[in-house]
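Here is a friendly briefing to read alongside the structure. Keep the model open and look up each residue as you meet it.

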Amino acid sequence: MPDTDVLIVGAGPTGLTAAIGLTQRGARVRILDAAPHPVRESRAALVHAATIEIMERLGIAEDAIRLGRRIDAVSISAGTRVLARIPFGLLDGPYPFGLGLPQDVTERLLIARLKALGITVERGWQVEHVEQRADGCHITASGDAGSCAIRSRYLVGADGRDSIVRAEAGIAFTAQRYREDFLLADLPLEPPPAPPDQARITLSPDGVTVFGALPSGNYRVIGTASPGHEVPPHPDAASLDALFAARGIPTRAAAEPAWSSRFRIAHGIALQLRAGAIFLCGDAAHVHSPAAGQGMNTGIADAYDLAERLADALEGRPAALDGYEPARLAAAAEVVRLTDRITRLALIRPAPLRWMRNAALGRVMAIPAVQRRLVSWISGIERSPLRRAPLRGPQLGMPQ
């Protein structure tokens, strides 16, 4: 017998989702992570409606809603002028809203649920080698306690963009970088840059800035670097105030950021998501622009879909696995394509093109059919693995 049915490498939201989904179906699961502890930063802080539906299946939706900040709409503005408002209330589903929920809180909920199911994340283990044989996947890993060898029937790589599992499986992956640097910060702002129930995308000749309220009272800020300006590795209140002023955004930092970072984004998809008994999901499978907050949400959808299919295979229906790669490759391709278009549209610099973009947004986004289509796409509902079957539960209570 293999040591376990499924070994999952990576204990972020993607890997934890896979572990919970499989354990709830009775599979034997182990989950390894190289980090000594879960993330302590907010990182991915937007949870979409399709993900809340998956959280319901995982048993954490009520707690996520209780701890999160409800987001009822996304608005797009040019300076102080609102060009469009996209209401999540148009969604056809039990959760017509998004959540501002820091990633460290999301992980804490997932870890607690997994622990309640009897599974603990094994931390401090770095996978070094993977080999597929007739009797399963053979994995070697090293850590402070030495080295270990694990044999599993299936292996899931949820270990991020620089995935060791993907490299060991020989799966090609290339990504193209955007030229612009991006900054990210969580901090209190006065006056508020947007209503607390809205995420706001602000366009300007100097760049794009996104604001979203967090449960702590801080705002998540994501922005492109101003042309010709170097972004510090950890932007402070003064550098953020200068950015807001240059873009005509009437807000200021009320304190230093609780957390801030500089990063450069890329977009790309692994050539395949399966190599025999090895599967990829999340950032190990695809990376893309942070536009519309799709990264973590897409990874959780990958993981839930894969968990259900692996459980079916372990119950004697191996053909269920054949649908994973085409379904999730199609979803990833759509996310990469549309987030890239949104990013390039937001980064238009020439004044005549910006005027045309803003005028078009104001007109097109006022059309109800366009609003419904866009909110369905942003929320992830169209790409959700749950749309293969009806949701089982009623709508949970929602805070007002």
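In this predicted model, the second largest pocket holds about 200 Å³ of space. Its lining is made up of 14 residues, and those closest to the pocket's centre are Ser226, His229, Glu230, Ser239 and Leu243. From there, the tour below moves on to the cavity, the nonpolar cores, a region listed in UniProt and two single residues.

**The second largest pocket**

- Which helix gives the largest share of the lining of the second largest pocket? Helix α6, spanning residues 237–246, does so with 5 residues.
- Sorted by class, the lining of this pocket contains 9 nonpolar residues, 3 polar ones and 2 charged ones.

**The cavity**

- The structure has 1 cavity of 30 Å³ or more, and the space in the largest cavity comes to about 120 Å³.
- Around the largest cavity there are 16 lining residues, and Ala50, Asn297, Thr298, Ala301 and Gly380 are nearest to its centre.
- Helices α2 (49–58), α7 and α8 (324–346) are the elements that each supply two or more residues to this lining.
- The cavity lining splits into 8 polar, 6 nonpolar and 2 charged residues.

**A closer look at α2**

- Is α2 mostly covered or mostly open? It is mostly covered, as 10 of its 10 residues are buried.
- Among the buried residues of α2 are Ala50, Thr51, Glu53 and Arg57.
- Just past the end of α2 you will find Gly59, which has a positive phi of about 90°.

**The nonpolar cores**

- The largest nonpolar core brings together 71 residues, and Ile8, Leu22, Ile31, Leu155 and Leu310 have the most contacts inside it.
- Helix α7 (residues 295–314) contributes the largest share of this core, with 10 residues.
- A second core, separate from that one, has 22 residues, including Ile71, Ala346, Ile378 and Ile381.
- Which residues does Leu310 touch, not counting those up to four places away in sequence? They are Val6, Leu22, Tyr154, Val156, Phe279 and Leu321.

**A region listed in UniProt**

- An unreviewed UniProt entry lists residues 3–338 as "domain: FAD-binding".
- In the model, the span of residues 3–338 is 28% helix and 35% strand, and its end C-alpha atoms are 41 Å apart.

**Glu41, a loop residue**

- Look for Glu41 in the loop that runs between β2 (29–33) and β3 (46–47).
- Why does Glu41 count as partly exposed? Its relative accessibility is 25%, so it falls between the buried limit of under 20% and the exposed limit of over 50%.
- Although Glu41 and Pro102 are 61 residues apart along the chain, their C-alpha atoms are separated by 7.6 Å.
- Setting aside neighbours within four places in sequence, Glu41 is in contact with Gln103, Asp104 and Trp259.

**Gly136, a strand residue**

- Gly136 belongs to strand β10, which covers residues 136–143.
- Gly136 counts as buried because its relative accessible area is 10%, and buried means under 20%.
- From Gly136 to Ile150 is 14 residues in sequence and 9.9 Å in space, C-alpha to C-alpha.
- Once residues up to four places away in sequence are left out, Gly136 touches Glu131 and Ser152.

Technical notes. Residues numbered from 1 in each chain as written. Predicted model: local features only at pLDDT ≥ 70, side-chain atom pairs only at ≥ 80, totals over all residues. Heavy atoms only, no water. 1 Å grid on protein atoms, 1.4 Å probe; cavity = no way out; pocket = protein on both sides within 12 Å on 5 of 7 lines; lining within 4 Å. Points joined across faces, edges and corners; volume = space filled by probe spheres on them. Helix = DSSP H or I, 4+ residues; strand = E, 2+ residues; numbered from the N terminus. Nonpolar A, V, L, I, M, F, W, Y, C, P; charged D, E, K, R; others polar. Core = buried A, V, L, I, M, F, W, Y, C linked by side-chain atoms within 4.5 Å. Buried < 20%, exposed > 50% of the residue type's maximum accessible area, 1.4 Å probe, protein only. Contact = heavy atoms within 4.5 Å. UniProt positions renumbered as here; feature names shortened; annotations may be inferred.
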